[in-house]
Amino acid sequence: MTDARSRSALSAPAIVIPCQRPIPEDSKARAAFSEYYQRDFLGLTRFVMRLGAKPHASAS
C-alpha cells in the first residue's frame with residue numbers, strides 16, 4: 001500500500017524556469033532594437049488600448 005502523499009508528489013508537474021538570453025553587447029543589435037522600439041511603440045500601445053487596457057498599463 002502506498003502513501004497518498006507520495007503519490008501526489010510523483011504526479012505533480014515539474015516547474016520549468018525559462019532560460020534568459022544574455023543581453024547583446026553588440027552595438028548594432030542595440031541600435032536595431034532601439035529603432036524597432038521607437039518605430040512600433042506607439043502603434044502597439046494604441047492596439048493594446050483598443051483591446052481595453054488603460055493608457056498607463058498599455059505603455060508598460
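A salt bridge is a side-chain nitrogen of Lys or Arg within 4 Å of a carboxyl oxygen of Asp or Glu. Keep that cut-off handy for the second exercise. One more thing before you start: what you're looking at is a predicted model.

**Exercise 1. Get your bearings: work out what the protein chain is built from and how much of it is buried.**

Step 1. Start with the secondary structure. The protein chain has three helices and zero strands.

Step 2. Read the elements from the N terminus on, and you get α-α-α. Helix 2 covers residues 27-50, and helix 3 covers residues 55-59.

Step 3. Now look at the surface. The chain's accessible surface comes to about 6,100 Å². Carbon and sulfur atoms account for 63% of that surface.

Step 4. Finish with burial. Out of 60 residues in the chain, 3% are buried. Two buried residues, Thr45 and Ser58, come back in the last exercise.

**Exercise 2. Find the salt bridges and show how their partners are linked.**

Step 1. Count them: the structure holds two salt bridges. As a bit of background, side chains of opposite charge can pair when their charged atoms come close.

Step 2. Take Arg39 and Glu35. Their closest N and O atoms are 3.7 Å apart. That pair counts as a salt bridge because the cut-off is 4 Å.

Step 3. Place the pair on the chain. Arg39 and Glu35 both sit in helix 2, four residues apart, which is about one turn of the helix.

Step 4. Next, take Asp40 and Arg39. Here the side chains meet in a salt bridge with an N to O distance of 3.5 Å.

Step 5. Check how open the partners are. Arg39 has a relative accessible area of 53%, so it counts as exposed. Asp40 comes in at 25% and is therefore partly exposed.

Step 6. Put the two bridges together. They share partners, and that joins Glu35, Arg39 and Asp40 into one network.

**Exercise 3. Track down the aromatic cluster and the nonpolar surface patch, and see who belongs to each.**

Step 1. Count the aromatic pairs: there are three.

Step 2. Try one of them, Phe33 with Tyr36. Their rings are 6.0 Å apart, centre to centre, with 50 degrees between the planes. The pair is tilted because that angle falls between the cut-offs of 30 and 60 degrees.

Step 3. Locate the pair. Phe33 and Tyr36 are both in helix 2, three residues apart, or about one turn of the helix.

Step 4. Compare their accessibility with the labels. Phe33 is exposed because its relative accessibility is 52%, and that label needs over 50%. Tyr36, at 37%, counts as partly exposed.

Step 5. Widen the view. Phe33, Tyr36, Tyr37 and Phe41 form one aromatic cluster.

Step 6. Now turn to the patch. Phe33, Tyr36, Tyr37, Phe41 and Leu44 make up a nonpolar patch on the surface. Together these residues have about 490 Å² of accessible area.

**Exercise 4. Work out how helix 2 and helix 3 meet around Thr45 and Ser58.**

Step 1. Place the two residues. Thr45 lies in helix 2, while Ser58 lies in helix 3.

Step 2. Decide whether they are buried. Thr45 has a relative accessibility of 9%, so it counts as buried. Ser58 is buried too, with a relative accessible area of 9%; the label needs under 20%.

Step 3. Follow each side chain to a backbone oxygen. The Thr45 side chain reaches that of Phe41 at 2.8 Å. The Ser58 side chain reaches that of Pro55 at 2.9 Å.

Step 4. List the contacts, leaving out residues up to four places away in sequence. Thr45 touches Ser58 and Ala59. Ser58 is in contact with Thr45, Val48, Met49 and Ala53.

Step 5. Add Phe47, which is found in helix 2. Phe47 and Ser58 are eleven residues apart in sequence, and their C-alpha atoms are 8.6 Å apart in space. Phe47 itself is partly exposed, with a relative accessible area of 45%.

Step 6. Pull it together: Thr45 of helix 2 and Ser58 of helix 3 touch each other.

Terms used. Residues are numbered from 1 along each chain as its sequence is written. This is a predicted model: local features need pLDDT of at least 70, side-chain atom pairs count only at pLDDT 80 or more; totals for chains, interfaces and linings use all residues. Side-chain values use heavy atoms; hydrogens and water are left out. Helices (H or I, at least four residues) and strands (E, at least two) are DSSP runs, numbered from the N terminus. Buried means under 20% relative accessible area, exposed over 50%, partly exposed in between (1.4 Å probe, protein chains only). Patches are made of residues with over 30% relative accessible area and no salt bridge: like charges are joined within 9 Å, nonpolar side chains (Val, Leu, Ile, Met, Phe, Trp, Tyr) within 5 Å. Accessible areas come from the Shrake-Rupley method with a 1.4 Å probe; for residues, only the protein chains shown count as cover. A polar contact is a pair of N or O atoms within 3.5 Å; within protein, one must be able to donate a hydrogen and the other to accept it, and residues adjacent in sequence count only if both atoms are side-chain atoms. Contact means heavy atoms within 4.5 Å. Rings of Phe, Tyr and Trp (its six-membered ring) pair if their centres lie within 6.5 Å; planes under 30 degrees apart count as stacked, over 60 as edge-to-face and the rest as tilted.
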